[in-house]
Amino acid sequence: MEEGIRLRKVFTALALLLCSIVIIVMIKGWFDGCYASPEAFVQYIASYGIMGPVVLTLIQMFQVVVPVVPGMVGCAAGAILYGSIGGFLCNYIGISAGSILAYWLAKKYGAEFVKKVTGEKAYNKYTSWIQKQKSYTWIFALMILLPLAPDDFFCYFTGLTQMSPKKFTLIILSMKPWLIMVYSLVFAGIF
């Protein structure tokens, strides 16, 4: 029993440290003007050298939880800097981890937390719409697959539904890679 408590404390401390590092990196990027354009963002990630893929992955994870940088900008940066495969891996891991984290945050902290993240207007609009859907699982999977859908918000909203963590994770891991791969191939080919 004590071993489990100790392990949870270590995990919590590591998670807080990781979040702190990501927040510092993102704030530094804000002050450096890296979010002003895709080119500036690419230069910012490249400035981290060998740690660039890790920084990009963490930013992509964080941008799902707190939408600061559009995910497509990160997808472009990954493909430009690390090619279609390397960019895909950074983006897929980061975005999938962020999606799962958003779901768990909603599960743990509930509707009031989700309202603060998404805004009350979006919360009311989407939650009432979700409650009317008979086949929300299929709609959610489609939202994850399609471009320009507000899928980051839907990860939060889905955390408020009865969808199991296993089903949610399966949808994220099986549907997310397709669009990210298309973005990676397109941006690697264009640039």
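These questions and answers walk through a predicted model.

Reader: How many salt bridges does the structure hold by the rule used here?
Author: Side chains of opposite charge can pair when their charged atoms come close. The rule asks for a side-chain nitrogen of Lys or Arg within 4 Å of a carboxyl oxygen of Asp or Glu. By this rule the count comes to two.

Reader: Which residue forms a salt bridge with lysine 176?
Author: Look for an N and an O atom within 4 Å of each other. For lysine 176 the closest such atoms are 2.4 Å apart. The partner is aspartate 151.

Reader: How many residues apart in sequence are the parts that lysine 176 and aspartate 151 tie together?
Author: Lysine 176 lies in helix 8, residues 165-190. Aspartate 151 lies in helix 7, residues 151-159. The pair therefore ties together parts whose separation in sequence is 25 residues.

Reader: Is aspartate 151 buried or exposed?
Author: Buried means under 20% relative accessible area. Aspartate 151 has 13%. Its salt-bridge partner, lysine 176, is buried too. So aspartate 151 counts as buried.

Reader: Which residues are in contact with aspartate 151, leaving aside its neighbours within four places in sequence?
Author: One of them is already known from the salt bridge: lysine 176. The side chains of these two residues are also joined by a polar contact of 2.4 Å. The full set is Met143, Ile144 and Lys176.

Reader: How far apart are the C-alpha atoms of aspartate 151 and valine 54?
Author: Along the chain, these two residues are 97 residues apart. In space, their C-alpha atoms are separated by 23 Å.

Reader: Why are glutamate 112 and lysine 115 separated by about one helical turn?
Author: Their side chains meet in a salt bridge, 3.4 Å from N to O. Lysine 115 is partly exposed, because its relative accessibility is 22%. As for the turn, the reason is their spacing: they are three residues apart in helix 4.

Reader: Which residue offers its backbone oxygen to a polar atom of the side chain of threonine 118, 2.8 Å away?
Author: Threonine 118 lies in helix 4, which covers residues 71-118. At 9% relative accessibility, threonine 118 counts as buried. The backbone oxygen 2.8 Å from its side chain belongs to valine 114.

Reader: Which residues does threonine 118 touch, not counting residues up to four places away in sequence?
Author: Contact means heavy atoms within 4.5 Å. With the sequence neighbours set aside, the list is Tyr123, Phe153 and Phe157.

Reader: Which residues form one aromatic cluster?
Author: Tyr123, Phe153 and Phe157, touched by threonine 118, are among them. The cluster is made of Tyr123, Tyr126, Trp129, Phe153, Phe154 and Phe157.

Reader: How far apart are the C-alpha atoms of tyrosine 126 and phenylalanine 153?
Author: Tyrosine 126 is found in helix 5, residues 120-132. Tyrosine 126 is buried, with a relative accessible area of 18%. Phenylalanine 153 is 27 residues away along the chain. The C-alpha separation is 9.0 Å.

Reader: What kind of aromatic pair do tyrosine 44 and tyrosine 48 form?
Author: The structure holds 15 aromatic pairs. Tyrosine 44 and tyrosine 48 form one with 5.3 Å from centre to centre and 85° between the planes. Planes over 60 degrees apart fall in one class. That makes this pair edge-to-face.

Reader: Is tyrosine 44 buried or exposed?
Author: Its pair partner, tyrosine 48, has a relative accessible area of 23% and is partly exposed. Tyrosine 44 has 4% relative accessibility. Under 20% is the cut-off, so tyrosine 44 counts as buried.

Reader: Which residue has its backbone oxygen reached by the side chain of glutamine 63 at 3.3 Å?
Author: Glutamine 63 sits in helix 3, residues 52-65. At 2% relative accessibility, glutamine 63 counts as buried. The backbone oxygen that its side chain reaches is that of glutamine 60.

Reader: Which residues does leucine 58 touch, not counting residues up to four places away in sequence?
Author: Leucine 58 is also in helix 3. Leucine 58 is buried, with a relative accessible area of 18%. The residues it touches are Leu18 and Val22.

Reader: Which residues form a nonpolar patch on the surface?
Author: One of them, leucine 17, is found in helix 1, residues 2-32. Together the patch residues have about 370 Å² of accessible area. They are Val10, Leu14, Leu17 and Ile21.

Key:
Residues are numbered from 1 along each chain as its sequence is written. This is a predicted model: local features need pLDDT of at least 70, side-chain atom pairs count only at pLDDT 80 or more; totals for chains, interfaces and linings use all residues. Side-chain values use heavy atoms; hydrogens and water are left out. Helices (H or I, at least four residues) and strands (E, at least two) are DSSP runs, numbered from the N terminus. Buried means under 20% relative accessible area, exposed over 50%, partly exposed in between (1.4 Å probe, protein chains only). A polar contact is a pair of N or O atoms within 3.5 Å; within protein, one must be able to donate a hydrogen and the other to accept it, and residues adjacent in sequence count only if both atoms are side-chain atoms. Rings of Phe, Tyr and Trp (its six-membered ring) pair if their centres lie within 6.5 Å; planes under 30 degrees apart count as stacked, over 60 as edge-to-face and the rest as tilted. Patches are made of residues with over 30% relative accessible area and no salt bridge: like charges are joined within 9 Å, nonpolar side chains (Val, Leu, Ile, Met, Phe, Trp, Tyr) within 5 Å. Accessible areas come from the Shrake-Rupley method with a 1.4 Å probe; for residues, only the protein chains shown count as cover.
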